[in-house]
Amino acid sequence: MCPFSQTPAGDNNNAASAALPESIVHEERAQLDFSQSMSYGDYLQLDAILTAQKALSPAHDEMLFIVQHQTSELWMKLMLHELRAAIGHIARDELPPAFKMLARVSKIMEQLVHAWDVLATMTPPEYSAMRPYLGQSSGFQSYQYRCIEFSMGNKNRAMLRPHEHRADLLAQVQAAYEAPSLYDEALRLMARRGLPVPASHLERDWTQPYAESDAVEQAWLTVYRNPEQHWDLYQLGEELTDLEDAFRLWRFRHVTTVERVIGFKRGTGGTGGVSYLRKMLDVVLFPEIWRLRTDL
């Protein structure tokens, strides 16, 4: 009897299946030796990224808290990259690339909204176990978030102070504070297209909070009542609407997550926590674009 006849056919198939993944790797000529070339981890600098989670407490859930906020900062870095570029394109009357960038910013905000779902799995006792180790550190002090707010028009001189201890960070926040916002550049573009935007909204102290204007609303109404004639400005208005809509959802999800985890305790950064965040929900970035819907 042939010795191979003693092996069931199914076993041969199992052996072939077990070897299959390795054979596929070789057949596809996958790069396996990275001793002389750049690897995936090298390109992304994963050694630095994945060793940046330094828990200060013995609490198991602190890792979630750190990763949540570090990944949010990475998304905000990309958001600022896109926002700054979009503002520059609008200032140069280059709307198609600006539309792509603004749409991407809205999608990033959607990611940040869903990120709160993960943090919301942290219960009040789990957060309380690590909270004493946070000191006075708080997302309130995020310089990237502040640059985003300033770039979108929510200017507030007091929010420069948390960064005064770092000249390099203060310079970035101050640059966003002193520059025309996304909405400022949109209005200047409308004026260049011949729409009657008042001079008070075209050359002003960009560090001051935006003041809504009936005349600006009328300019937007001209666009929205004649979308075929002003198609790109009409699309810009809708991109701004999408952006603020997403930003509102992000802020609202932040409030509900904080209330769920800490209730109405004061924040580690000294604010009233939920009470402060609720006040921020009332901030409207592009007021005339929202008002005109009633008047159309």
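Helices, which here are DSSP runs of H or I with at least four residues, are numbered from the N terminus. The views below come from a predicted model, in which local features need pLDDT of at least 70 and side-chain atom pairs count only at pLDDT 80 or more, while totals for chains, interfaces and linings use all residues. Residues are numbered from 1 along each chain as its sequence is written, and side-chain values use heavy atoms, with hydrogens and water left out.

**View 1. A salt bridge within helix α5 joins Lys107 and Glu110.** A salt bridge is a side-chain nitrogen of Lys or Arg within 4 Å of a carboxyl oxygen of Asp or Glu, and by this rule the count comes to 18. In the pair shown, the closest N and O atoms of Lys107 and Glu110 are 3.7 Å apart. The two residues are three apart in helix α5 and are therefore separated by about one helical turn. Lys107 is exposed, with a relative accessible area of 52%, whereas Glu110 is partly exposed at 39%; exposed means over 50% relative accessible area, buried under 20% and partly exposed in between, with a 1.4 Å probe and protein chains only.

**View 2. Arg161 and Glu164 meet in a salt bridge.** Their side chains are 4.0 Å apart, N to O. Arg161 counts as exposed at 62% relative accessibility, and Glu164 counts as partly exposed at 49%.

**View 3. Helix α9, residues 182-192, is largely enclosed by the rest of the structure.** Eight of the 11 residues of α9 are buried, among them Leu182, Tyr183, Asp184 and Glu185. The cover over the buried residues of α9 includes α4 (62-91), α5 (95-119), α7 (143-151), α10 (214-225), α11 (231-262) and α13 (287-295). Just after α9, Gly194 takes a positive phi of about 95 degrees.

**View 4. Helix α9 crosses helix α10.** Two packed helices are described by the angle between their axes and the distance between the axes. The axes of α9 and α10 come within 11 Å and cross at roughly 65 degrees, where axes are lines fitted to C-alpha atoms, for helices over the stretch in contact, and angles run from 0 to 180 degrees between N-to-C directions. The contact, meaning heavy atoms within 4.5 Å, is made by Tyr183, Leu187 and Met190 of α9 and by Val216, Ala219, Trp220 and Val223 of α10.

**View 5. Glu288 of helix α13 is buried yet has no salt bridge.** The nearest side chain of opposite charge, Arg291, is 5.1 Å away from Glu288; Lys and Arg count as positive and Asp and Glu as negative, and His and the chain ends are not counted. The side chain of Glu288 makes a polar contact with the side chain of Tyr210 at 2.8 Å, and it also reaches the backbone nitrogen of Ser213 at 2.7 Å. A polar contact is a pair of N or O atoms within 3.5 Å; within protein, one must be able to donate a hydrogen and the other to accept it, and residues adjacent in sequence count only if both atoms are side-chain atoms. Leaving aside neighbours within four places in sequence, the residues in contact with Glu288 include Tyr183, Val216, Glu217 and Trp220.

**View 6. Arg291 and Glu217 meet in a salt bridge.** The side chains of this pair are 2.5 Å apart, N to O. Arg291 lies in helix α13 and Glu217 in helix α10, so the pair ties together parts that are 74 residues apart in sequence. Arg291 counts as partly exposed at 25% relative accessibility, whereas Glu217 counts as buried at 4%. Glu212, Asp214, Glu217 and Arg291 are linked in a network of salt bridges.

Definitions and conventions:
Left-handed = near helix turned anticlockwise from the far one by under 90°.
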